[in-house]
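Trainee: Can we go through this one together? I'd like to see how the labels are earned.

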Amino acid sequence: MSILLVPENTVIGFIGTGVMGKSMAGHLLKAGYPLVVYSRTKEKANELLEKGAEWAETPKAVAKKANVIFTIVGYPTDVEEVYLGENGLIPNGTAGSYYIDMTTSSPSLAGTIYEAAKTKGIQVIDAPVSGGDVGAREATLSIMVGGEEEAFEAVKPLLDLIGNNIVYQGKAGAGQHTKMSNQIAIASNMIGVCEAIIYAEKAGLNPENVLKSISTGAAGSWSLSNLAPRMLTGNFEPGFYIKHFIKDMKIALAEAERMDLPVPGLSLAMSLYEQLAEMGEENSGTHALYKYWKS
C-alpha cells in the first residue's frame, strides 16, 4: 500500500516558478504542505517566499530537504540538467522520494530519468499538464501521467490540489506521449480559431457576437472560449509561450517521424509559429498566431 503523503510527513520541493509553476506551487502551500522552492530567477519565487515557502539555491538543495518534488521547467535540456546533472535531483536524492516532472518534454528522456531514479530507489512520474495560466491559477489543469501506477496513486492526492482531470496513461513516457497528442490537437485548432475570427472580421461581422454563437456549438473548444476573446482585446500575454509551444511541436514532429506518421496539420502550424518567432513574438502567448494574418 502506498504511503499517505500528508503535511506531517511530507516536505514538497517545487522547481520552476514561472507563469504556471507559481500558481501550482501556491495551491500546495495553501493546503498546508511545507514548501521548498528553486527557480533560476529568484524574483519569480518572491510571492511564494512571502507566503512562507523556503528558498533553495540549487536543485541539489531541494533534493536534500524535500521528499516529494515537482518540476516544471522550460526545455528537455533543462529537465535533463535538473534531474541528472551533478547538482541535480537524482544524484542527490533520497530513496523513497517521489519526483513529478510536469514539464512538457521528450518521452524518451522521461524513460531515461525513470530508469536512473529506479537505481536510487526514487519513483519518478512524468505528468505534463494542459490548461495554461488559467488552469494553473484555478487548479483545473488536465494532468497526464506516466510511470509506476503505485507511485501515481501515492501522489494523486497532491495532484488533486492542482488539477481536476487526472488520468494515468501507462508506463514511463506515456504522460509525455499523451501531451504530444494534446499539443497536436491544439496546433491545428489554433489555426482554425484564428482563421474563423479573421473571416468574421473580413465579413464585416462583430466577432464578439460571432463567438457567442460558435463557441458553444460543434466548433467549440477551450482555445475558442478562452483565447479568442484575448485576441480581440489585443491581449497577447502568455498563458503559454510561443517559444515553448515550438519546442513541444518539435518533440511531437520527431516522435511522429520515428513512428513514420505524417502530420500535415502539425507541420503547417509549426511553420506558422516559426514565422511568428522570427517576427519577435516568441515570448507572446500561443494565441498571438492571430497576428500572422494581421502582419
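Mentor: Sure. The lining of the second largest pocket divides into 2 nonpolar, 3 polar and 5 charged residues.

Trainee: What makes a lining residue nonpolar, polar or charged?

Mentor: Ala, Val, Leu, Ile, Met, Phe, Trp, Tyr, Cys and Pro count as nonpolar, Asp, Glu, Lys and Arg as charged, and the others, Gly among them, as polar. The lining includes L29, K30, E47 and R137. By the way, this is a predicted model: local features need pLDDT of at least 70, side-chain atom pairs count only at pLDDT 80 or more, and totals for chains, interfaces and linings use all residues. Residues are numbered from 1 along each chain as its sequence is written, and side-chain values use heavy atoms, leaving out hydrogens and water.

Trainee: Which helix supplies the largest share of that lining?

Mentor: That's α1, with 6 residues.

Trainee: Why is D248 called buried?

Mentor: Buried means under 20% relative accessible area (1.4 Å probe, protein chains only). D248 has 0% relative accessibility, so D248 counts as buried.

Trainee: Which residues is D248 in contact with, leaving aside neighbours within four places in sequence?

Mentor: T104, M180, Q183 and F240, where contact means heavy atoms within 4.5 Å.

Trainee: What makes a set of residues a nonpolar core?

Mentor: They're buried Ala, Val, Leu, Ile, Met, Phe, Trp, Tyr and Cys residues, joined through side-chain atoms within 4.5 Å. The largest such core here has 55 residues, and M24, F70, M102, I143 and L159 touch the most other members. Helix α8 (residues 149–159) gives the most to this core, 6 residues.

Definitions and conventions:
Buried < 20%, exposed > 50% of the residue type's maximum accessible area, 1.4 Å probe, protein only. 1 Å grid on protein atoms, 1.4 Å probe; cavity = no way out; pocket = protein on both sides within 12 Å on 5 of 7 lines; lining within 4 Å. Helix = DSSP H or I, 4+ residues; strand = E, 2+ residues; numbered from the N terminus.
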